Amino acid sequence: MLNIPLMQGNIEKKDIEELVTFLQTTDRFTNGPKVREFEKAWSNWLSPSEPMYSLFVNSGASANFMTLAAVRELYGEGEVLVSPIGWSSDISSIFAAGLTPVFVDINRHTLAMDTEQALSKITDRTRAVLLTHVLGYNGLTPELVKVCREKEIPLIEDVCESHGALFQNQKCGSIGTISNFSFYYAHHMSTIEGGMICTKDERLYRTLRMYRSHGMLRECDDAVYQKEMTEHFPELHAEFIFMVPGYNMRSTELNAVIGLSQLKRLDRNIQRRRENYHLFMELLDQDKFYTDFSNEGNSNYAFVIVLRQADPALFRRLTDRLTAEGVEFRRGTAGGGNLIRQPFVSKRMAGLCAADYPNAEYIHKFGLYTGNYPGLEPEKIRALCELLNTV
């Protein structure tokens, strides 16, 4: 049996040693100086040539929810363009913010929303475009970036699965108005649980800092704004002015210590994932499996396996063989496939039809992914490809 798990934890002994040292030398464990240090280090990694604000939160999903809440607060009610292939919180955060998702089918080359369709669906009701970089592929195009900037529509990049992916030699997450990252268990780097929100927009950053901590004015990190609002609400106690309907989505000093330790080897791990991916794509049967992905800037999170032609019987044989060989996989790729089919969407948007999004539907029915991680041996990748090619 091949016995390839879907994920491999990347918390190493050196991370634990850093954490133990910290625990022995501090008496503060909640959001504090280490969080700030990690935020600064992440900003420098993501955007070394241009100032970036980063905000550490307790998960990538929390980053989604805070981001859409801030968009609703600053841009008003309306619609958000989003893909059916992604993660559930991309869509549920739109609902939670009181906005309306407008779905855009994917481009099979990138698994992200199709630019031509997205541009055709932009209206004066569009408040944001939420683009998910799926499983390590860059999903941005010059046209989408250009139009969003010209029309002053916030472009949200969900980079939760794609740390280090590149668009025009810039890291994804540094191009749009705002970006979200996840540091979950087996992502490119981990803080066990955690996420990051990044933006170059000072107003957004100020708003997000308040949303992270109950909506409190004193969390906004802007002394001038604090003074103005305190004077504007003289009947309120200055230390307890709640400007927005915020959450408690802070993380801890402990998670930040692990993040600082992991960040030191992130680039090396991304390179190893790329090497694994290129070997996988080189060996995969291109007649049987779809391999026409846009590989430029890829920072692979998982091996995407999609049938070249629709063949339900072949797909069943494929999943049966993988199961028999102990190769863990997830059908439908990111988020389980076409999220329009999910109850939390269909109950709120009864008129939607999954078949109207044929590319997402194809991935839903004939796509899956298996694990890729720095510790995956080349011999395992070769054996996996041999198994796939002989199904």
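Here are four short exercises with worked solutions on the structure above.

The model is predicted, so local features need pLDDT of at least 70 and side-chain atom pairs count only at pLDDT 80 or more, while totals for chains, interfaces and linings use all residues. Residues are numbered from 1 along each chain as its sequence is written, and side-chain values use heavy atoms, with hydrogens and water left out.

**Exercise 1. A closed space**

Task: Find which residues line the largest cavity.

Solution:
- Start with the idea. Rolling a probe the size of a water molecule over the atoms shows where empty space is left.
- Next, the terms. On a 1 Å grid over the protein atoms alone, a cavity is a set of points where a 1.4 Å probe fits but cannot get out; a pocket is an open set with protein on both sides within 12 Å along at least five of seven lines; lining residues have an atom within 4 Å of a point.
- Grid points are joined across faces, edges and corners, and the volume is the space filled by probe spheres set on the points.
- Searching the whole structure gives 1 cavity of 30 Å³ or more. The largest cavity holds about 60 Å³.
- Its lining consists of Leu-6, Met-7, Gln-8, Ala-186, Arg-273, Tyr-301, Ala-302, Tyr-369, Gly-371, Asn-372 and Tyr-373.
- Sort this lining by class: 7 nonpolar, 3 polar and 1 charged. Here Ala, Val, Leu, Ile, Met, Phe, Trp, Tyr, Cys and Pro count as nonpolar, Asp, Glu, Lys and Arg as charged, and the others, Gly among them, as polar.

**Exercise 2. An open space**

Task: Work out which residues are closest to the centre of the largest pocket.

Solution:
- The largest pocket has a volume of about 400 Å³.
- Of its 27 lining residues, Trp-87, Glu-161, Ser-182, Tyr-184 and His-187 are closest to the centre.
- Two elements give two or more residues to this lining, α3 (60-75) and α4 (88-96). Helices (H or I, at least four residues) and strands (E, at least two) are DSSP runs, numbered from the N terminus.
- The most comes from α3, with 3 residues.
- By class, the lining of the largest pocket has 9 nonpolar, 13 polar and 5 charged residues.

**Exercise 3. A buried arginine**

Task: Find which side chain of opposite charge is nearest to Arg-209.

Solution:
- Locate Arg-209 in helix α7 (residues 202-212).
- Arg-209 is buried. Buried means under 20% relative accessible area, exposed over 50%, and partly exposed in between (1.4 Å probe, protein chains only).
- For charge, Lys and Arg count as positive and Asp and Glu as negative; His and the chain ends are not counted.
- The nearest opposite charge is on Glu-219, 4.0 Å away, yet Arg-209 has no salt bridge. A salt bridge is a side-chain nitrogen of Lys or Arg within 4 Å of a carboxyl oxygen of Asp or Glu.

**Exercise 4. A link across the sequence**

Task: Explain what the pair Arg-265 and Glu-12 ties together.

Solution:
- Arg-265 and Glu-12 form a salt bridge, their closest N and O atoms being 3.4 Å apart.
- Arg-265 lies in the loop between α9 (253-263) and α10, and Glu-12 in the segment before α1 (13-25), so the pair ties together parts that are 253 residues apart in sequence.
- Arg-265 is buried, with a relative accessible area of 3%, whereas Glu-12 is partly exposed, at 34%.
- Finally, Glu-12, Asp-15 and Arg-265 are linked in a network of salt bridges.
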